[in-house]
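I opened this notebook to keep track of what I looked up, one topic at a time. The entries follow the order in which I went through the model.

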Amino acid sequence: RMSTTLGGVFACFRGVDSQFSVATTDEQILRDEVFHRLTTDTVLGESEDAASFGYDVRRRLGARMSDEDIAALGPLLSSVLQRSGRVAAADVIATRIVTTGPLLSLSIVVDVTAITGETFSFLFRLTGSTFEQVGNSGST
C-alpha cells in the first residue's frame, strides 16, 4: 500500500539503488527513518533539529559498557526516534549479546508507533563492525 500520511522517501536503507527506488509503504519509510536516526548524529543545516538529528550507535562499537550503560541506551534512543515527525512513540530495548570476542555486541529492539497509529517492530544488531537490521515483526 502506498503511504500517504508518512510521505515518500528514497529507499536508501542500504544505499540508493541505480533506479532511485522510493520507499512506498509505512513500514519501509519507518524502517529507513529509524535506521537513519540511529546511524547519523547530525544532518546538513543550521537548525537545532539538524544538530540533534540522531545518535550514531556505531560509536559504541568496541566500547566498554556496563549493564547500566546498556540499559540507559534504550531510553536515549527512544527519545532520539521521537524527534521524528513520523514517530508518535518509540520504545527501545538494548541488550548485550554474549560473545567470545572482545568487541561489544548489542541487540536493539525498536517498537515504534507511527503518527498513523500503526505499530512496527524492528530488530537491529550492533556487532563487530556493523549495525544492521536482522528482523522485524511487521505491522501490528
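**Charged pairs**

I began with arginine 59 and aspartate 41, whose side chains meet in a salt bridge at 2.4 Å, N to O. I noted that this pair links distant parts of the chain, since arginine 59 sits in the loop between helix 2 (48-51) and helix 3 while aspartate 41 sits in the loop between helix 1 and helix 2, 18 residues apart. I looked up the accessibility of both partners: arginine 59 counts as partly exposed at 45%, and aspartate 41 counts as partly exposed at 31%.

I should record here that this is a predicted model, and that the structure holds six salt bridges.

I then turned to aspartate 67 and arginine 96, whose side chains form a salt bridge at 3.3 Å, N to O. Because aspartate 67 lies in helix 3 and arginine 96 in strand 3, the pair ties together parts that are 29 residues apart in sequence. I found aspartate 67 to be exposed, with a relative accessible area of 55%, whereas arginine 96 is partly exposed at 37%.

My next pair was arginine 37 with glutamate 33, joined by a salt bridge of 2.7 Å, N to O. They are four residues apart in helix 1, which means that about one helical turn separates them. I looked up both and found arginine 37 buried, as is glutamate 33. I also noted that Glu33, Arg37 and Arg86 are linked in a network of salt bridges.

**Helix 1**

I checked the length of helix 1 (residues 26-37): at 1.5 Å a residue its twelve residues should span 16 Å, and its end C-alpha atoms are 16 Å apart, so the two values agree. I listed its buried residues as Asp26, Ile29, Leu30, Asp32, Glu33, Val34, Phe35 and Arg37.

From that list I picked aspartate 32, which is buried, with a relative accessible area of 7%. I saw that its side chain makes a polar contact with the side chain of arginine 31, at 3.2 Å.

**The nonpolar core**

Which residues touch the most other members of the largest nonpolar core? I found that, of its 27 residues, these are Leu38, Leu77, Ile108, Val110, Val112, Phe124 and Phe131. I noted that helix 1, helix 3 (67-81), strand 3, strand 4 (106-114) and strand 5 (119-127) each supply at least two residues of this core.

I followed phenylalanine 131 further and, leaving aside residues up to four places away in sequence, found that among the residues it touches are Phe35, Leu38, Val57, Ile108 and Phe124.

**Alanine 88**

I looked up alanine 88, which is placed in strand 3 and counts as partly exposed at 47% relative accessibility. Leaving aside residues up to four places away in sequence, I found that alanine 88 touches Gln82, Thr113, Ala114 and Ile115. I also noted that alanine 88 and threonine 119 are 31 residues apart in sequence and 9.6 Å apart in space, C-alpha to C-alpha.

**Confidence**

I closed with the confidence values: the protein chain has a mean pLDDT of 78, and 71% of its residues reach 70 or more. Among the elements, strand 1 (residues 9-10) has the lowest mean, 48, and strand 3 (residues 87-96) the highest, 95. Over residues 15-20 the pLDDT is below 50, and I noted that this stretch has two contacts in the model beyond near neighbours in sequence. I kept in mind that where pLDDT is low, the predicted coordinates should not be read in detail.

Definitions and conventions
Residues are numbered from 1 along each chain as its sequence is written. This is a predicted model: local features need pLDDT of at least 70, side-chain atom pairs count only at pLDDT 80 or more; totals for chains, interfaces and linings use all residues. Side-chain values use heavy atoms; hydrogens and water are left out. The expected span of a helix is 1.5 Å times one less than its number of residues. Buried means under 20% relative accessible area, exposed over 50%, partly exposed in between (1.4 Å probe, protein chains only). pLDDT is the predictor's confidence in each residue, from 0 to 100. Contact means heavy atoms within 4.5 Å. A nonpolar core is a set of buried Ala, Val, Leu, Ile, Met, Phe, Trp, Tyr and Cys residues joined through side-chain atoms within 4.5 Å. A polar contact is a pair of N or O atoms within 3.5 Å; within protein, one must be able to donate a hydrogen and the other to accept it, and residues adjacent in sequence count only if both atoms are side-chain atoms. A salt bridge is a side-chain nitrogen of Lys or Arg within 4 Å of a carboxyl oxygen of Asp or Glu.
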